[in-house]
Amino acid sequence: SDENGDLLVGWNTGQVSAFRAGRLEPVAGFPATGGTIQLCADRADKRVWFRQSGQWGWRDGTNSVSLNSDARGPALLLAARAGGVWALSGNQLWRVTDAAEPVVVAALPVHATNCPSMLESDDGAIWLGTYQSGLFRLHAGRFERVGQSDKRINSLAQDREGNLWAGTQEDGLWRLRPRLL
């Protein structure tokens with residue numbers, strides 16, 4: 001959602017719409033470079049972060065800032081619980097806030113173009129689902145592979161009991177209990 005609480009939708013055409021009063025309305029202020037745009041909200045800073053065709057940055061109610069126009073820009077963005085975003089670029093996980101320069105937190109043993117999903121769980125752990133290498137968890141400053149039967153993780157979610165749910169390509173939906181790891 002944006003600073004007004006409207007639900008934002010990024011389209012594969014590169015356009016952004018807001019769901020207001022039961023209707024989708026166009027939103028200006030995002031780069032119009034074409035291609036799918038990914039959005040995530042930073043609730044602490046009241047910013048909407050975007051990623052599109054190598055460009056990424058943020059937009060608040062009045063400003064839009066592009067941080068990078070490099071074709072190697074982040075493959076995934078995730079709003080961080082403490083503000084700012086997690087950005088996965090190449091095989092590196094970055095922590096990006098206004099308070100400091102972006103920092104590389106850890107290196108993933110596979111390339112980010114193979115990572116369709118990222119989640120920050122309630123305990124602050126970062127989870128990455130990959131297309132070819134399964135599930136990874138950031139633990140003690142490095143990524144460790146979490147064993148399971150399916151190598152292709154399409155989506156990740158956490159329920160209110162703290163269980164992690166992974167949607168897989170071949171094995172359907174499975175539940176992981178992180179407190180048992």
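These notebook entries record what I looked up in a predicted model of a single chain.

**Entry 1. Overall composition**

I began with the secondary structure and found 18 strands and 0 helices in the chain. I then took the burial figure: of the 181 residues, 45% are buried. The exposed area of the chain comes to about 9600 Å², and carbon and sulfur atoms supply 48% of that area. For contacts between residues at least 6 apart in sequence, I noted that 29% join residues at least 24 apart.

**Entry 2. Nonpolar cores**

I next asked which residues have the most contacts inside the largest nonpolar core. They are Trp86, Leu88, Leu93, Leu108, Met118 and Phe143, in a core of 16 residues. The elements giving two or more residues to this core are strand 8 (76-79), strand 9 (85-89), strand 13 (126-129) and strand 14 (135-139). I also recorded a second, separate core of 11 residues, with Leu119, Ala125, Trp127 and Ala166 among its members. As background, I noted that nonpolar side chains tend to be buried together in soluble globular proteins.

I followed Met118 individually and left aside residues up to four places away in sequence. Met118 touches Leu76, Leu77 and Leu78, and also Trp86, Leu88 and Leu93. Its further contacts are Ile126, Trp127, Leu128 and Leu156.

I then turned to Leu88, which is placed in strand 9. Is Leu88 buried or exposed? Its relative accessible area is 0%, so I entered Leu88 as buried. I also looked up the separation of Leu88 from His111, 23 residues apart along the chain, and the C-alpha atoms are separated by 9.4 Å.

**Entry 3. Strands 5 and 6**

I checked strand 6 (residues 55-59) residue by residue. Because 5 of its 5 residues are buried, strand 6 is largely enclosed by the rest of the structure. Side chains in a regular strand alternate between the two faces of the sheet. In strand 6, I found that Gln55, Gly57 and Arg59 point one way, while Trp56 and Trp58 point the other way, and all are buried. Strand 5 (residues 47-52) runs antiparallel to strand 6, and 5 bridges join the two. Across this pairing, Trp49 stands opposite Trp58.

**Entry 4. The hairpin of strands 14 and 15**

I looked up how strand 14 pairs with strand 15 (residues 142-146) and found an antiparallel arrangement over 5 bridges. One bridge sets Leu135 against Val146 in strand 15. The two strands form a hairpin with 2 residues between them. Within the turn, Ala140 has a positive phi near 55°, although the residue is not glycine. Ala140 counts as exposed because its relative accessibility is 74%.

I also examined the salt bridge between Arg137 and Glu144, whose closest N and O atoms are 2.5 Å apart. Arg137, at 12% relative accessibility, falls under the 20% limit and so counts as buried. Glu144, at 25%, counts as partly exposed.

**Entry 5. Other salt bridges**

How many salt bridges did I count? The count comes to 4. In one of them, the side chains of Asp122 and Arg81 meet at 3.0 Å, N to O. This pair links distant parts of the chain, 41 residues apart: Asp122 lies in the loop between strand 12 (117-120) and strand 13, and Arg81 in the loop between strand 8 and strand 9. I noted both Asp122 and Arg81 as exposed.

Another salt bridge joins the side chains of Arg20 and Glu25 at 3.2 Å, N to O. I entered Arg20 as partly exposed at 25% relative accessibility, and Glu25 likewise as partly exposed at 23%. Arg20 and Glu25 are linked with Arg23 in a network of salt bridges.

**Entry 6. The loop after strand 2 and a surface patch**

I looked up Ala21, found in the loop between strand 2 (16-20) and strand 3 (23-27). Its phi is near 50°, a positive value in a residue other than glycine. Ala21 counts as exposed because its relative accessibility is 84%.

Lastly, I asked which residues make a nonpolar surface patch of about 390 Å². I listed Leu7, Trp11, Phe19 and Leu24. Of these, I placed Leu7 in strand 1 (residues 7-10).

Conventions: Residues are numbered from 1 along each chain as its sequence is written. This is a predicted model: local features need pLDDT of at least 70, side-chain atom pairs count only at pLDDT 80 or more; totals for chains, interfaces and linings use all residues. Side-chain values use heavy atoms; hydrogens and water are left out. A nonpolar core is a set of buried Ala, Val, Leu, Ile, Met, Phe, Trp, Tyr and Cys residues joined through side-chain atoms within 4.5 Å. Buried means under 20% relative accessible area, exposed over 50%, partly exposed in between (1.4 Å probe, protein chains only). Helices (H or I, at least four residues) and strands (E, at least two) are DSSP runs, numbered from the N terminus. Contact means heavy atoms within 4.5 Å. Patches are made of residues with over 30% relative accessible area and no salt bridge: like charges are joined within 9 Å, nonpolar side chains (Val, Leu, Ile, Met, Phe, Trp, Tyr) within 5 Å. Accessible areas come from the Shrake-Rupley method with a 1.4 Å probe; for residues, only the protein chains shown count as cover. Two strands pair if DSSP finds at least two bridges between them.
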